[in-house]
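Let's work through a few exercises together, with the model open beside you. Each one starts with a task and then goes through the solution step by step.

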Amino acid sequence: MSFATEVIISVLLIIGGVFVLIGSIGLSRLQDLYTRLHAPTKATTVGLGSILVASMIYMAYVRDFLSINELLITLFLVITAPVTAHILAKAAMHNGVKPMERTKNADLIKKARQQLPPDSQMEE
Amino acid sequence: MLTRILPMPLHSFMLLIIWLMINSTMSLGHIILGTVLGIVIPLLCQPLRVPQPHVRRPIKAAKYVLLVLKDVFVANIEVALLVMGPMRNIKPGFIAVPLDLRDTFPITVLASTVTMTPGTVSSEVSSDKKWLYVHVLNMPDNEQELIDLIKQRYERRVKEMFEC
C-alpha cells in the first residue's frame, strides 16, 4: 500500500471518528428528547459514511477485493435512520414528553399527538 | 399466470441482487437460494401492499438524491458546530408544514428527506395528510422562511419526480 492511500484512509477514519464522537457528545449535552434526536441522526451519517469509504479503499488496495457490503450498509442506514428518528419523535409526542422551556410553538405537540391540523379547534 | 407467481418482478430481482451482494458471491447455490427468496417474499408481502405512485422521472430522482447528499453533508457540519457550541444558542421549536403531496409514499420520501437534512426532524403527519409537523433544532426568527425552504427545495422536487 502506497503512502498516499495510507494517508487517505487515515484521514477518512479520523473524520469518521470525530463525527461519531460529536454525535455522542451531542446526545449527552442537549437538553430534551426532541433536540437529542438531531445529534445521532445527522452527525453519524457523515461519520459512518467516511468510515465505510475508508473500509472500501482498504479492501480494494490491500486485499485486492472490491467489497460491496459497505454500499449495502449505507443503503440500509439511509433507509432506516430517518424512520427511527420519526418514530422516536412520534412516540415522545404521544407520551407527552415535555420539550425544553424555550421551545417555540410547543402547543403544536397537543395538535400533533391527535394528528389534527394546526388550525383546528381543540375540544377540551 | 406470470403475475400470479411474480406479483412484483422488479422487487424479486432486487431481492436476488441484494442477496448476492450481502453474500458477495456469484455461486450457483446462492443464485438459486436468492431466486427462491425473491419469489417467496413478494408472494407473502403482496396482500399487505397499498397501491402507490411510481417514480416517473428517474433522472430527476437521481438529481434529487445528489442534492440531498450535498445537504446531508452540510447538515452534519452545521449540527456538529451547534452541538459543540454553547447550549444557550440553541433555540428549538416546532413548525407545521402544509403538504401539497397526497399519497403516502411521496410524503414518506419528503419526511425522510426533512429528517436527513439541516437541523430538522419530521415528527408527525396529520391524519388528513395535509400537514407535516417538524421539530427544528435552531429556529430562525421568521419560521415562514423555513417552511418555504422545505416546500421550495424539497417538496417541489419530490412532486416533479412522482408527477403528482
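**Exercise 1: Partners across the sheet**

Which residue in strand 3 of chain B stands opposite S122(B)?

Step 1. A word on what you are looking at: this is a predicted model, in which local features need pLDDT of at least 70 and side-chain atom pairs count only at pLDDT 80 or more, while totals for chains, interfaces and linings use all residues. Residues are numbered from 1 along each chain as its sequence is written, and chains are lettered from A and ligands numbered from 1 in the order in which they are written.

Step 2. Helices (H or I, at least four residues) and strands (E, at least two) are DSSP runs, numbered from the N terminus. Two strands pair if DSSP finds at least two bridges between them.

Step 3. Go to S122(B) and look across to strand 3 of chain B: the residue opposite is V134(B). On the same strand 3, E124(B) has Y133(B) as its bridge partner, and G93(B) stands opposite V136(B).

**Exercise 2: Build the sheet**

Work out the strand order in chain B and how the strands pair.

Step 1. Strand 2 and strand 3 (residues 131-136) of chain B are antiparallel, joined over five bridges. Five residues lie between these strands in their hairpin, where K129(B) takes a positive phi near 60°.

Step 2. Strand 1 of chain B also pairs with strand 3 of chain B in the antiparallel sense, here over six bridges.

Step 3. Put together, the three strands of chain B form an open antiparallel sheet in the order 1-3-2. Strand 1 and strand 2 of chain B are the edge strands, each pairing on one side only. From one strand to the next, the twist averages 30°; angles run from 0 to 180 degrees between N-to-C directions, with axes as lines fitted to C-alpha atoms, for helices over the stretch in contact.

**Exercise 3: Cover on the sheet**

Why is strand 2 of chain B described as largely enclosed?

Step 1. Apply the burial rule: a residue is buried if 20 or more other C-beta atoms lie within 10 Å of its own, exposed if 12 or fewer, and partly exposed in between, with C-beta atoms placed from the backbone.

Step 2. In strand 2 (residues 120-125) of chain B, six of the six residues are buried, so the rest of the structure largely encloses this strand. Strand 1 (residues 93-98) of chain B is mostly covered, with five of its six residues buried.

Step 3. Now find the helices that lie across the strands. Helix 5 (residues 104-116) of chain B lies across strand 2 and strand 3, at about 145° to strand 2 of chain B. Helix 6 (residues 143-162) of chain B lies across strand 1 and strand 3, at about 45° to strand 1 of chain B.

**Exercise 4: Where the chains touch**

Find which element of chain B gives the most to the side that touches chain A.

Step 1. Count the residues in contact (C-beta atoms, placed from the backbone, within 7 Å): 38 residues of chain B meet 42 residues of chain A.

Step 2. Elements of chain B that each supply at least two residues to this side include helix 2 (9-23), helix 4 (58-84) and strand 1. Helix 4 of chain B gives the most, with eight residues.

Step 3. Stay on helix 4 of chain B, which holds D71(B). D71(B) is partly exposed, with 17 other C-beta atoms within 10 Å. The C-alpha atoms of D71(B) and T117(B) are separated by 5.9 Å, although these residues are 46 apart along the chain.

**Exercise 5: The outline of chain A**

Why is chain A more spread out than a compact globule?

Step 1. Chain A has five helices and zero strands.

Step 2. Its radius of gyration is 20 Å, well over the 14 Å that the globule rule gives for 124 residues, so chain A is more spread out than a compact globule. The radius is taken over C-alpha atoms, and the rule is 2.2 Å times the number of residues to the power 0.38.

Step 3. Along the principal axes, the C-alpha atoms of chain A fill a box of roughly 70 × 25 × 20 Å. Buried residues make up 28% of the 124 residues in chain A.

Conventions
Two residues are in contact if their C-beta atoms, placed from the backbone, lie within 7 Å.
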